[in-house]
Amino acid sequence: MTTYRLDTSGPHSDDYTRHVASVFAGTVRILNHATRDQDGVTEPATVHAILGELHDGIARLDQLLQQLDQRLVRFAQAGQLADSNGDAFTNVNTALRQLTGLRTDAAVMSERLARAFRATSGLYLRDESES
């Protein structure tokens, strides 16, 4: 089993990049379980912090999607693509259209997360003296 250290400077390789994507998916799964359990979110500040981190991640998604788009275009332009599922040209064009739409969706999600983050900034649980 290979051990990877998550670091923006890499080492960059296909295996490392796939691993980081897997960690992303796993992190969302773990957050799903953690937020389902009452002990995982015991105060509004935790909701606020999670919303802020999700906003930061989604805001960075545009760059990732754009770079994936550029990689597909470069592979296609170099004539390196084949496709076991059909016509590579058609499938690349479909993927590029979807990536463009995803970038728009991510921008909307980022803005909505920012609004939710701002809306939760002052929330707290009352103590008994405030009742």
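**Salt bridges, ring pairing and overall form of a three-helix chain**

At 36% relative accessibility, Glu111 counts as partly exposed, a class that lies between buried (under 20% relative accessible area) and exposed (over 50%), with a 1.4 Å probe and protein chains only. The side chain of Glu111 forms a salt bridge with that of Arg115, the closest N and O atoms being 3.1 Å apart, where a salt bridge is a side-chain nitrogen of Lys or Arg within 4 Å of a carboxyl oxygen of Asp or Glu. Because Glu111 and Arg115 are four residues apart in helix 3, about one helical turn separates them. Salt bridges that share partners extend this contact, joining Glu111, Arg115 and Arg118 into one network. The model is predicted, so that local features need pLDDT of at least 70 and side-chain atom pairs count only at pLDDT 80 or more, whereas totals for chains, interfaces and linings use all residues. Residues are numbered from 1 along each chain as its sequence is written, and side-chain values use heavy atoms, with hydrogens and water left out.

The secondary structure of the chain comes to three helices and zero strands, taken as DSSP runs numbered from the N terminus (helices H or I, at least four residues; strands E, at least two). Read along the sequence, the helices give the pattern α-α-α. With a radius of gyration of 20 Å, well over the 14 Å that the globule rule gives for 131 residues, the chain is more spread out than a compact globule; the radius is taken over C-alpha atoms, and the rule is 2.2 Å times the number of residues to the power 0.38. Taken along the principal axes, the box filled by the C-alpha atoms of the chain comes to roughly 70 × 35 × 30 Å. Of the 131 residues in the chain, 13% are buried.

Two positions illustrate the spacing along this fold. Asp87 is placed in the loop between helix 2 and helix 3, and the C-alpha atom of Asp87 is separated by 37 Å from that of Asn32, the two residues being 55 apart along the chain. Asp87 has a relative accessible area of 42% and is therefore partly exposed.

The salt bridges of the structure number five, and the contact between Glu111 and Arg115 is one of those found. Another is formed by the side chains of Arg103 and Asp62, which meet with an N to O distance of 2.7 Å. This pair links distant parts of the chain, since Arg103 belongs to helix 3 and Asp62 to helix 2, 41 residues apart. Both partners fall into the intermediate accessibility class: Arg103 is partly exposed, with a relative accessible area of 28%, and Asp62 is likewise partly exposed, with 29%. A further salt bridge joins the side chains of Asp7 and Arg5, with an N to O distance of 2.5 Å. The two partners of that contact fall into separate classes, in that Asp7 is partly exposed because its relative accessible area is 22%, whereas Arg5 counts as exposed because its relative accessibility is 62%.

The structure also holds one aromatic pair, formed by Tyr4 and Tyr16, whose ring centres lie 5.7 Å apart and whose planes meet at 55 degrees, an arrangement classed as tilted. For this purpose the rings of Phe, Tyr and Trp (its six-membered ring) pair if their centres lie within 6.5 Å, with planes under 30 degrees apart counted as stacked, over 60 as edge-to-face and the rest as tilted. The pair connects distant parts of the chain, as Tyr4 is found in the segment before helix 1 (14–36) and Tyr16 in helix 1, twelve residues away. Tyr16 counts as buried because its relative accessibility is 5%, whereas Tyr4, at 28% relative accessibility, counts as partly exposed.

The segment before helix 1 that holds Tyr4 is also the place of Pro11. The peptide bond that runs from Gly10 to Pro11 is cis, its omega being near 25 degrees.
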